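Here are a few notes to read alongside the structure. They are numbered so that you can take them in any order.

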Amino acid sequence: MIGTAALLGAALLGAPAQQAKAATPGSGVLDDGHKSVTWQSPVYAAGTVGDPGKCPAAADDPDNKVCDRFDLKVSVPDGYWDDNPEGGVPVSIEWAKQPTDDFDMYVFDDAGKQVAASAGTADPEATVIPKADGTYHVVVVPYDVHDNSFVGKAYLPETTDAGDLTSFTGKDGSYTIGAGALKARADFLTGGQLRLQADPSGTFSDPAGSQIVRKQPALDKHTSSFDAGAYYGIRSAGAVLRVYKKPLRFGLYKADNRTRIWQEDKPLRWSTGGMRQSLERGKDEQFFGGGEQNGSFSHRDKTVYVANNTNWNEGGYNNSQPFYLSSAGYGVYRNTFAPGVYDFGPSVHAGQQERRLDAYYFLGDAKKVIGGYTSLVGKPFMPPVYGLEPGDADCYLHNANQGERHTLDALKVADGYVDNQLPLGWMLVNDGYGCGYENLAETSKGLQDRGAEMGLWTQDGIDKLADQVKAGQRVAKLDVAWVGNGYGMSLDACDKAKAGIEDNSDARGFVWMPVSWAGAQRCGVLWSGDQKLSWDFVRWQIPTYAGATMSGIAYNTGDVGSIYSHDAKMYARDLQAKTFLPAIMTMDGWARDMTTGQKINQQPWVDGEPYTSINRKYLQLRERLLPYLYTLSAEAAKTGVGGVRPLYLEYPDDPQTLGANAKYEYLAGDDFLVAPVYKDSDTRDGIYLPKGTWTDYWTGKTYHGPTTVDGYHAPLDTLPLFVKSGAVVPMWPKGTTSYKSRDVHELDWDVYPQGRSSYTLYEDDGVTRDFAKGASATQRVTVDQGKHATEVNIGASKGSYKNKPDARAYRFTVHGEGAPHRVSVEGRTLPRVASADALAAAGSGWYYDADTGVTTVKTARQSLDRGFTATLRR
């Protein structure tokens, strides 16, 4: 979109375009007298190098035969970018001949720092130099070309503001507004949504079409308009839109027409290739969203870039989305594939790099807004249960980093998981550029025999997906070479890859991708790309994944221990931090040990003891918690709200949830608070616990929030983990390492009584799409803590699905109540046993552990067709 605007730049701007011939390097100026600049590259017969770090110095490449260079000097007045829709200088390169070719563009400042890049497979490649002022060096790498060249363009965007209202008409939910050449339209939609469009060309367009919003909501015809003098009002059941007359501005108010939801403080402003909306900011108003914003979840006083880049580290935004939500009770989605810049300063400027506004507004609290947004662009997909188990990725055929191997060698690695009692749900067996595969059906069968499913990575297409799925593929991982710069191409690939699995099997599509756009939550797991390991890497990912939930992204994660480097201690801490994420994967075959510099794989056992046991502890804990995590997935598919959450989402009235301490912890559902250790330390300070009673998962110690815990003792085997009182947590039996081999005739419940609380478990067959036809079951458990007894009421399992058991035994672990004097099930007294081992050997009974304060109750098998009550009397 930027490049298209750049092509129009010289025609739209009054000042002359400066032409620059190819030189070493070429150069151009953007200032008051020169509004645009173009340059022509040499013709490249073939690709030269892969990244700018491999470009020779300019003196050693006098004719730009290896890499093209262009120096750009930008000189603008102070404050020029403060309210500019495009937020900086757009730069693009457009190929002379249509690709398959690939030029990658990088922009560096005068100090050598990379400030912008476009390194996908788009045509044109386009980026923006944010708030440009000074000298910049554009380097273009002919990565994969065939007798091709390009034209480079850059321009200085100028602005125009909307004038006074000149027309206002409409009824039945749709209203048309004019301000000179600018035309706007306000549509009130069913579900309480508002769609506001504006275009200075006087016509409305929809470049995204049905690719993101696949079905437009119907108009809400129960609206009316009125003239209030200074503005026209449009009233719906839940809100009033004010259309101010001099100049044209918009404001959205609650139904009382007094309580502001949002209010434009300036008219709409557009530029050569952009348009922004400027809003008043409330005194304490907070902002979230923007998709995956690496290292951040709360954006007040920050500038958020909504685009796709390949900066996988803190500050990157490869999985961003043109959506944000406000604590003032609204969210807004910009219906576009164009990049944007959202400045949440004292005056909020939300700009997209296209000369049109197309915004959907959703009203309500954060969860309701997320639900409305995902109803529009697509609810999070329902993963297969093996997709929540750990994944492993490597290249086994033609792997230059590991030497020649074969696809069937993946089975030896899968054996390592089995031998070390480590869960494994799926494996990518060709994860690397140029990596092939062989013996797919045999590999798939071997993995299935070991409890895992086969996945394949695609470098540049999905045309072989049908045959691969028929051979056993159940996971598809896309990559930058296929999805390009993201935007429409990535969403198309994600939808097609998911459909490719589902059209050729009865399985659920399970897709991973590193570059995406709005709507990707309906079809894929997003991951934050290829990072190098450091303690900072462990730290900044914590708010990243929790923050992505605020944009309806339910599945967002990163490689355990990064991809390119390895350290046993950091790997263990990072795995702990990711234990409660909805998806988890280890990337093998590409790392070097940070101490020795030697190549090393990254499976959880490669470092030996004590690391193997520590990693096993957390992967087995995750496996036990799959009923809880799977139920969160079902909730996300229904509500749009993912399981990993910033504290703010559950405690929006607590300002401390926006503080520095809460930034580096997250909630898993509303029951678990996870505060990872992200330093080389056995002590964790600054753990913020919001209101409620919280129990240390390991020690049973209780804390009463709101409070901050300092000096928490967290040796390498300990993840600071707290459970909220009232929690009722379903778990698979101890020792479970696979959904395939679990004991389906036992279900454990971890109970933290406080007053009355409940939990509803969701179950289905875990693999097929029959759940979409209603093949599923729910079971409600209610806990009542009284003065003299605690009752655990297990409801009947309602519903059916393939291979649902008829009955199962239960094991309850009840925390923090002291030893009961009697335990009964449906009035029948259970025997008390002397030890945990004795309870394991018994058919039913109970045992109290004085060291932990936990009472464990074991029942005989109970029919799922009827409920029962277990009573602990004190």
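1. Let me start with one residue, Val729. It counts as buried, because its relative accessibility is 0%, and buried here means under 20%. Please keep in mind throughout that this is a predicted model. Val729 belongs to strand E51, which covers residues 728-731.

2. What does Val729 touch, leaving aside residues up to four places away in sequence? Its partners are Leu625, Tyr628, Phe672, Asp748, Trp749 and Asp750. Of these, Asp748 is 19 residues from Val729 in sequence, and their C-alpha atoms are 8.2 Å apart in space.

3. Val729 also brings us to a record. UniProt, in an unreviewed entry, lists residues 644-729 as "domain: Glycosyl hydrolase family 31 C-terminal". Over that span the chain is 42% strand and 9% helix. The C-alpha atoms at the ends of residues 644-729 are 16 Å apart.

4. A second domain comes from an unreviewed UniProt entry as well: "domain: Glycoside hydrolase family 31 N-terminal", placed at residues 185-343. Residues 185-343 are 45% strand and 0% helix. Here the end C-alpha atoms lie 25 Å apart.

5. Ala577 is another residue to look up, in helix H9 (residues 568-578). Is Ala577 buried or exposed? It counts as buried, because its relative accessibility is 7% and the cut-off for buried is under 20%. Not counting residues up to four places away in sequence, Ala577 touches Tyr666 and Pro676. Pro652 is 75 residues from Ala577 along the chain, and 24 Å separates their C-alpha atoms.

6. Helix H3 is a good one to colour by burial. Within this helix, which runs over residues 410-419, the buried residues are Ala410, Leu411, Val413, Ala414, Gly416 and Tyr417. An α-helix has 3.6 residues a turn, so residues three or four places apart point the same way. With that spacing in mind, try picking out the buried positions of H3, including Ala410, Val413 and Tyr417.

7. What do the buried residues of H3 pack against? Their neighbours are strand E32 (391-393), strand E33 (426-428), helix H4 (440-449) and strand E40 (585-587). Just after H3 comes Gln421, whose phi is positive at about 55°.

8. Two residues other than glycine also deserve a look for their backbone angles. Asp147 has a positive phi near 55° and lies in strand E11 (residues 146-148). With a relative accessible area of 45%, Asp147 is partly exposed. Glu826 has a positive phi near 50°, and its place is the loop between strand E58 (822-825) and strand E59 (828-829). Glu826 counts as partly exposed too, at 44% relative accessibility.

9. Where are the cis peptide bonds to inspect? One joins Glu609 to Pro610, with omega near 5°. Pro610 sits in the loop between strand E42 (599-600) and helix H10 (611-624). Another joins Gly705 and Pro706, with omega about 5°. Pro706 is in strand E48, residues 702-709.

10. Now for the whole protein. How many helices and strands are there? The protein has 14 helices and 63 strands. Its radius of gyration is 29 Å, close to the 29 Å that the globule rule gives for 874 residues, so the protein is as compact as a globular protein of that length. The C-alpha trace spans about 90 × 75 × 50 Å along its principal axes.

11. Burial and contacts add to that overall view. Of the 874 residues, 62% are buried. If you take contacts between residues at least 6 apart in sequence, 67% of them join residues at least 24 apart.

12. Last, the surface and the charges. The protein exposes about 31500 Å², and 48% of this is supplied by carbon and sulfur atoms. There are 106 negative and 90 positive side chains, and 7 Å lies between the centres of the two sets.

Key:
Residues numbered from 1 in each chain as written. Predicted model: local features only at pLDDT ≥ 70, side-chain atom pairs only at ≥ 80, totals over all residues. Heavy atoms only, no water. Helix = DSSP H or I, 4+ residues; strand = E, 2+ residues; numbered from the N terminus. Rg over C-alpha atoms; globule rule 2.2 N^0.38 Å. Buried < 20%, exposed > 50% of the residue type's maximum accessible area, 1.4 Å probe, protein only. Contact = heavy atoms within 4.5 Å. Areas by Shrake-Rupley, 256 points an atom, 1.4 Å probe, with all protein chains shown as cover. Lys, Arg positive; Asp, Glu negative; His and termini not counted. Charge placed at Lys NZ, Arg CZ, Asp CG, Glu CD. UniProt positions renumbered as here; feature names shortened; annotations may be inferred.
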